[in-house]
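Grab a pencil and open the viewer. Below are a few exercises, each with a worked solution to follow step by step.

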Amino acid sequence: MTKPIIFSGMQPSSSSLHLGNYIGALTQWVALQDEFDAYYCVVDLHALTVPQDPAELRERTRTTAAQYIAAGIDPAKSTLFVQSHVAAHPELAWILNTITGFGEAGRMTQFKDKSQKQGADQASVGLFTYPVLMASDILLYQTNVVPVGEDQRQHLELTRDLAGRFNHRFGETFTVPEPYILKATAKIYDLQNPTAKMSKSADTDAGLIRVLDEPKVTAKKIMRAVTDTDNAIRFDRDEKPGVSNLLTIFSALSGTPIETLESDYAGRGYGDLKKGVAEVVTSTLEPIRARTNELLADPAELDRLLAAAADRAAEHANTTLRTVYDRVGL
Ligand code: ADP
Ligand code: NA
């Protein structure tokens with residue numbers, strides 16, 4: 001039996017993923033690869049819609065791919081590839097550009113936000129047509145479902161509209177994809193500012209746990225996490241955000257329910273709790289860090305994995321693209 005197809009793109013936007021990405025997204029993608037025929041794409045062409053340093057972009061693309069493999073995306077099960085390795089992505093995007101309304105693209109709130117931040121004259125046409133390239137990514141694989149957060153919902157709506165419009169004008173060609181709502185998982189907060197979500201765009205580094213940090217660095221950050229003065233280990237998001245965040249992390253990575261942790265640590269100090277958290281975080285991340293470094297140290301092997309995946313992706317993508325060219329008269 002063929003499995004439904006899932007497509008997800010990830011930006012090569014920073015050199016290391018953080019613990020929020022790992023708990024909130026990556027562990028679920030790993031789980032999804034059994035149930036679905038998964039396409040996981042490092043979207044380097046999308047990254048070019050804002051200014052990039054070429055050497056850095058190339059390095060981040062490789063590091064991003066390596067981290068996903070190291071965290072459990074199995075190249076034998078899932079097609080984990082780099083967007084620019086499959087030429088069909090910009091080729092289909094061009095065709096879709098010709099059926100996308102100027103006003104329709106202009107209504108995308110992410111474009112409005114980002115172009116406002118950059119200034120209307122600085123923002124590129126690439127930024128404007130970003131959602132059309134995203135539609136191409138998805139539609140090339142006859143994708144059934146796309147995991148989307150709130151910020152990508154409008155783009156997936158556009159993808160569905162374009163698929164339907166093309167099918168209507170030129171005959172059934174594309175599968176119209178559905179959104180896939182990821183399981184609600186724990187939200188992870190900044191260790192120094194535990195009411196703000198852990199994010200790569202945090203102001204300071206001290207509250208951010210990076211997958212690729214040395215275990216010593218990670219343990220130190222956890223030992224210095226902000227707590228409070230009442231010294232009780234109890235989950236209470238409003239009154240005790242720091243302690244609650246530590247309990248959330250501990251529970252998410254160990255599988256131990258928060259109530260069990262509360263009773264295990266009853267009468268003990270924050271230092272003990274932090275040691276426990278540091279232990280579970282470093283023992284989870286250390287193999288991922290080590291495997292990532294191993295993959296990056298053997299560029300030929302990583303290139304081989306990515307090239308094999310790109311070939312597999314291209315085969316599927318080109319089948320769709322040939323039909324599209326034929327339908328529109330090319
Ligand atoms: P950032 O907020 O650092 O820019 P991204 O937006 O690139 O992170 O996050 C990619 C995915 O990682 C999100 O869709 C979400 O599922 C997950 N994620 C990011 N930050 C967190 C967090 N602090 N807690 C839980 N999940 C998170
Ligand atoms: Na974000």
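## Exercise 1: Two domains

The C-alpha centres of domain 1 and domain 2 lie 34 Å apart. Before you start, note that this is a predicted model, where local features need pLDDT of at least 70 and side-chain atom pairs count only at pLDDT 80 or more, while totals for chains, interfaces and linings use all residues. Residues are numbered from 1 along each chain as its sequence is written, chains are lettered from A and ligands numbered from 1 in the order in which they are written, and side-chain values use heavy atoms, with hydrogens and water left out.

**Task.** Find which residues belong to domain 1 and domain 2, and how many residues of each are in contact.

**Solution.**
- Step 1: look up the bounds. The assignment gives 5-185 + 299-328 for domain 1 and 215-293 for domain 2; such bounds come from an automatic or database domain assignment.
- Step 2: count the touching residues. Eight residues of domain 1 meet nine residues of domain 2, where contact means heavy atoms within 4.5 Å.

## Exercise 2: The nonpolar core

**Task.** Work out which residues touch the most other members of the largest nonpolar core, and where this core lies.

**Solution.**
- Step 1: get the term straight. A nonpolar core is a set of buried Ala, Val, Leu, Ile, Met, Phe, Trp, Tyr and Cys residues joined through side-chain atoms within 4.5 Å. Buried means under 20% relative accessible area, exposed is over 50%, and partly exposed is in between (1.4 Å probe, protein chains only).
- Step 2: pick out the best-connected members. The largest core has 53 residues, and Leu19, Leu273 and Val281 touch the most other members.
- Step 3: see who contributes. Helix H12 (residues 270-297) gives the most, with nine residues. Helices (H or I, at least four residues) and strands (E, at least two) are DSSP runs, numbered from the N terminus.
- Step 4: place the core. Domain 1 and domain 2 both give residues to this core, so it lies between them.
- Step 5: zoom in on Val281. Skipping neighbours within four places in sequence, Val281 is in contact with Leu19, Ile209, Thr218, Ile222, Ile249 and Leu253.
- Step 6: check for company. Another core, of 40 residues, lies apart from this one, and Phe7, Met108, Leu140 and Phe174 are among its members.

## Exercise 3: Around ligand 1

**Task.** Find which protein atoms lie 3.0 Å, 2.7 Å and 2.6 Å from atoms of ligand 1.

**Solution.**
- Step 1: list the surroundings. Residues around ligand 1 (with a heavy atom within 4 Å of it) include His18, Asn21, Lys187 and Ser199.
- Step 2: go through the distances. A backbone N or O atom of Gly20 is 3.0 Å from a nitrogen atom of the ligand. A polar backbone atom of Ile188 lies 2.7 Å from a nitrogen atom of ligand 1. For the 2.6 Å pair, the partners are an N or O atom in the side chain of Lys200 and an oxygen atom of ligand 1.
- Step 3: see how much is covered. Alone, ligand 1 exposes 540 Å², and the protein buries 69% of that (areas by the Shrake-Rupley method with a 1.4 Å probe; for residues, only the protein chains shown count as cover).

## Exercise 4: Two threonines

**Task.** Are Thr79 and Thr143 buried or exposed, and what does each side chain pair with?

**Solution.**
- Step 1: start with Thr79, in strand E3 (residues 79-82). Thr79 has 5% relative accessibility, so it counts as buried.
- Step 2: find its partner. The side chains of Thr79 and Arg312 make a polar contact (3.5 Å). A polar contact is a pair of N or O atoms within 3.5 Å; within protein, one must be able to donate a hydrogen and the other to accept it, and residues adjacent in sequence count only if both atoms are side-chain atoms.
- Step 3: move to Thr143, in the loop between helix H7 (125-139) and strand E4 (145-147). At 1% relative accessibility, Thr143 is buried too.
- Step 4: find the partner of Thr143. A polar atom of its side chain lies 2.7 Å from the backbone oxygen of Ile138.

## Exercise 5: Positive phi

**Task.** What is the phi of Gln142, and what is the phi of Asn231?

**Solution.**
- Step 1: recall the rule. Most residues other than glycine have a negative phi.
- Step 2: read the values. Phi is near 50° for Gln142 and about 60° for Asn231.
- Step 3: add the setting. Gln142 is buried, with a relative accessible area of 18%, whereas Asn231 is partly exposed at 49%.
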